[in-house]
Every structure is written in C-alpha cells, then in structure tokens.
Amino acid sequence: MKSAMLAIIKKDFRGVTTNKNLFTALLVVPLVLTIILPSVFVLLIHFAPDDPDIQKLVDLLPQEAQGESFELTVVRLILNFILPAFFLMIPIMTASIMAASSFVGEKERHTLETLLYCPLTVKQIFRSKVLASFLLSMMVSFISFCAMLLVLELEIFFLMGSLLLPGANWLVVLLLVSPAVSLIAITLIVRRSAKAQSVEESQQSAVFLIIPIILLVAGQFTGILLLNIWILLGIGVICAFLAWLLLKNCMGRFTYEMLLK
C-alpha cells in the first residue's frame with residue numbers, strides 16, 4: 001500500500017475519532033444493539049419466562065436444540081439466531097458515519113483540491129476512502145461482538161449458572177456476511193458522497209440498505225425466518241458477489257469531473 005493511501009486512511013480515522021459527535025454516534029448504535037438489547041433479553045427470559053412470544057420462538061427450534069433448560073434454550077436461540085442479524089446492521093450504520101463524509105466532507109472543509117494534488121490517481125483515492133470506512137466498520141463489528149459475548153456470558157453465568165458457546169454461524173456472519181454487507185454500503189455511500197452537496201444527502205443510500213435489514217430482524221423476532229448457517233452462507237455469497245460488482249463498477253466510473261461538480 002502506498003504511503004499516500006495510508007495517510008488518507010489515517011486522516012479519515014482521525015476525522016472520526018477527534019469529532020465528538022461522530023465518535024458518539026459511532027458508539028451508540030453498537031452499544032444499544034450488542035449490550036443493552038441482549039441484556040434486556042436475558043433479564044426478561046430469566047425474570048419473565050412465561051411470555052407466549054418466547055414460547056413460539058422456542059417451538060420453531062429443532063427438537064434436539066430443546067433438550068436443555070427452558071432459559072438456556074431461549075438464550076441460545078437469541079444468541080445464535082437473532083443477534084447475528086444485528087451484525088448486518090452495525091457495519092451499515094458504522095460505514096455511513098465515515099463514508100458519508102468521505103468526499104462531501106472534503107468539499108465542506110475546502111480540502112478536496114489539496115487531496116486531488118496528492119500523488120495518487122482518483123481511483124486510488126476512491127479505494128483509500130473505501131478501505132478506511134471498511135476497516136473502521138470491521139473494527140467496530142469485531143469489538144462489538146467481543147463486548148457482547150463477554151457481557152452475555154457473565155450475565156448467563158450469574159443468572160443461570162452456565163455458559164454458552166456461540167454457534168458456527170457466527171463465523172459466517174463475522175468473516176463473510178458482515179464484511180460483504182459493509183463493502184456494499186460503503187461503496188454506494190462513498191460514490192454518493194462524491195456527488196452530494198451535504199453529508200445528509202450522501203447518507204440517503206444507507207437508508208435504503210437498512211430497510212431490508214430491519215425487515216430481516218423483524219422476521220427473526222416473529223419466527224418467520226431464522227438465520228441458520230446455510231441461509232447465512234447463501235446471503236454471504238450473494239452479498240460478496242454484489243460487493244465485488246459494485247466496487248468494480250464504481251471505480252470504473254469514478255473521475256475528477258465527478259468530484260469537482
């Protein structure tokens with residue numbers, strides 16, 4: 001990687017970490033989705049286990065998964081079938097924070113011309129912006145997963161006297177689906193940022209990506225669709241192909257004229 005590309009990546013990272021509003025927004029969504037909501041689920045399961053909606057979800061599980069205690073069965077359901085859907089939302093929300101301001105932020109700060117004078121082609125600049133947002137979203141996803149797992153295991157151990165191991169589907173989520181979804185979101189948002197006149201305008205692409213994820217999460221809670229490992233693999237392969245296609249297409253059309261409009 002060229003030192004100029006690395007410098008752009010570092011600059012974008014500093015732009016997020018030194019901005020209190022952006023950094024706070026970066027923390028709030030993962031905190032709610034991976035710490036607060038899972039903790040609420042565990043507490044409800046322990047102190048209010050007779051909820052009929054919970055029983056409906058348990059009935060959808062394979063018979064062999066229902067052999068342990070009711071509380072552990074429900075917690076295992078939440079951990080391995082419902083929470084993975086949140087990790088499709090986190091990279092999109094994280095990516096939208098940095099990617100949305102990637103080029104339009106340069107315009108607003110009047111630093112775009114300086115950026116274009118750096119010893120990189122416009123496609124390398126585009127690649128640097130995408131890579132910066134991708135690294136940030138993956139970092140947030142992995143840290144969120146570790147924090148969620150630590151908090152959940154402690155809560156389960158103290159409330160139920162046991163520990164639960166995450167299923168193999170988490171590997172598919174963290175190593176395939178989440179990166180692919182993140183790359184799709186980043187590519188669309190960065191490209192939009194090059195044409196947009198404000199950060200809010202460039203974030204519009206993220207809204208359309210969030211809607212199907214919200215419907216997927218709703219399907220998890222209603223029991224319409226439970227994300228097993230095969231469904232996740234299928235989603236991951238499709239999303240990875242779309243990410244590659246979008247990235248190739250967007251880089252091919254990225255020009256100086258597009259940035260300077």
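Mentor: Buried means under 20% relative accessible area, and exposed means over 50%. The model here is predicted.

Trainee: Is K129 buried or exposed?

Mentor: K129 is found in helix α7, residues 122–160. Its relative accessibility is 0%. The cut-off for burial is under 20%, so K129 counts as buried.

Trainee: What separation do the C-alpha atoms of K129 and A99 have?

Mentor: Along the chain, K129 and A99 are 30 residues apart. In space, their C-alpha atoms are separated by 7.3 Å.

Trainee: Which helix gives the most to the largest nonpolar core?

Mentor: The largest nonpolar core has 58 residues, and L79, L83, F87, M148 and W170 have the most contacts inside it. Helices that each supply at least two residues include α2 (20–47), α4 (70–99), α7 and α8 (169–195). With 17 residues, the one that gives the most to this core is α4.

Trainee: Which residues is W170 in contact with, leaving aside neighbours within four places in sequence?

Mentor: W170 is among the residues with the most contacts inside the largest core. With those neighbours left aside, its contacts are L79, N80, L83, P84, F87, F145 and M148.

Trainee: How do the residues lining the largest cavity divide into nonpolar, polar and charged?

Mentor: The largest cavity holds about 30 Å³ of space. P38, F41, V42, I45, V75, I78, L79, L83 and L152 line it, and the elements giving two or more residues to that lining are α2 and α4. The lining divides into no charged, no polar and 9 nonpolar.

Methods. Residues numbered from 1 in each chain as written. Predicted model: local features only at pLDDT ≥ 70, side-chain atom pairs only at ≥ 80, totals over all residues. Heavy atoms only, no water. Helix = DSSP H or I, 4+ residues; strand = E, 2+ residues; numbered from the N terminus. Buried < 20%, exposed > 50% of the residue type's maximum accessible area, 1.4 Å probe, protein only. Core = buried A, V, L, I, M, F, W, Y, C linked by side-chain atoms within 4.5 Å. Contact = heavy atoms within 4.5 Å. 1 Å grid on protein atoms, 1.4 Å probe; cavity = no way out; pocket = protein on both sides within 12 Å on 5 of 7 lines; lining within 4 Å. Points joined across faces, edges and corners; volume = space filled by probe spheres on them. Nonpolar A, V, L, I, M, F, W, Y, C, P; charged D, E, K, R; others polar.
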